[in-house]
Amino acid sequence: KQSMLGVPLNSHGVCIGYMFMGSSRSQAYGSAESVLAQSFANQTAIAIYNAQLYEEIRRYSNELESRVLLRTAELHSANEEIKRSEQRYRTLFEAMFEGMCVHDKGILLDVNPAFAQMFGYSYDEIIGMSLLDLTAEETRELVGEQVVVQSGLLHEAVAVRKDGSTFDVEFIAKDYTYQGRKVRVAA
């Protein structure tokens, strides 16, 4: 005669399988063996659960790593495109013969060399100045209105150089996104 002992593999209140033992002896398993077998089965269930959890974590980790690598490559590519775009902008902006400026409500954020030279200032001196500081008194109100209204029409004004001399200008402006904010570009 043979003996058989079966105990459940319980993990977190769920039966995930059974463990069976067999013996060629009759009545080989008593209550002491049943308690030991159940204790062993409980430890085995914990080990199986931990192994499954580890595998799931490893799979998620690999998936996350793949996504991070893909996103990093996408960001690198986007960053390179931004650098190329910025270089194109900067090259055109600086190479123009016409004076150009970028302003936010009349405060100069960026100018090209032609604009700074036209007014007799260095780049560092002119950045942060108001367009109204570069406008003669007789047309200051008109320029101020255009800054507020943000018209896209061609206007005439009288400009003032650093040395106080004046000259006639025609200007036109349009909306532009610069460093993540809405500003105006004027020529």
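The radius of gyration used here is taken over C-alpha atoms, and the globule rule is 2.2 Å times the number of residues to the power 0.38. The structure in these exercises is a predicted model.

**Exercise 1. What radius of gyration does the chain have, and what would a compact globule of 187 residues have?**

Solution. Begin with the rule, which gives a radius near 16 Å for a compact globule of 187 residues. Next take the value for the chain, which is 39 Å. Then turn to the box filled by the C-alpha atoms, which is roughly 120 × 30 × 25 Å along the principal axes. Finally, consider burial: 30% of the 187 residues count as buried.

**Exercise 2. Describe the order of the elements, and then find how strands E1 and E2 pair.**

Solution. The chain has four helices and eight strands, and from the N terminus on they run β-β-α-β-β-α-α-α-β-β-β-β. Strand E1 (residues 3–11) and strand E2 (residues 14–23) pair in the antiparallel sense, with nine bridges between them. One example is Val7, whose bridge partner in E2 is Met19. The two strands form a hairpin with two residues between them, and in the turn His12 has a positive phi of about 55 degrees.

**Exercise 3. Which residues of the largest nonpolar core touch the most other members?**

Solution. The core has 20 residues, and those touching the most other members are Leu108, Phe115, Phe119, Ile126 and Leu134. The elements that give two or more residues to this core are strand E4 (107–111), helix H2 (113–119), helix H4 (137–149), strand E5 (155–160) and strand E6 (166–171). To look at one member in detail, take Ile126: leaving aside residues up to four places away in sequence, Ile126 touches Leu108, Val111, Phe115, Ala116, Phe119, Tyr121 and Leu134.

**Exercise 4. Why does the salt bridge of Arg181 and Asp104 tie together parts that are apart in sequence?**

Solution. First establish the pair: Arg181 forms a salt bridge with Asp104, and the closest N and O atoms are 3.7 Å apart, which is within the 4 Å cut-off. Then locate the two residues: Arg181 lies in strand E8 (residues 181–186) and Asp104 in strand E3 (residues 101–104), so the pair ties together parts that are 77 residues apart in sequence.

**Exercise 5. Is Lys182 buried or exposed, and what is the distance in its salt bridge with Asp175?**

Solution. The side chains of Lys182 and Asp175 meet at 3.5 Å, N to O. Lys182 has a relative accessible area of 55% and is exposed, whereas Asp175, at 37%, counts as partly exposed.

Methods: Residues numbered from 1 in each chain as written. Predicted model: local features only at pLDDT ≥ 70, side-chain atom pairs only at ≥ 80, totals over all residues. Heavy atoms only, no water. Core = buried A, V, L, I, M, F, W, Y, C linked by side-chain atoms within 4.5 Å. Buried < 20%, exposed > 50% of the residue type's maximum accessible area, 1.4 Å probe, protein only. Contact = heavy atoms within 4.5 Å. Pairing = 2+ DSSP bridges.
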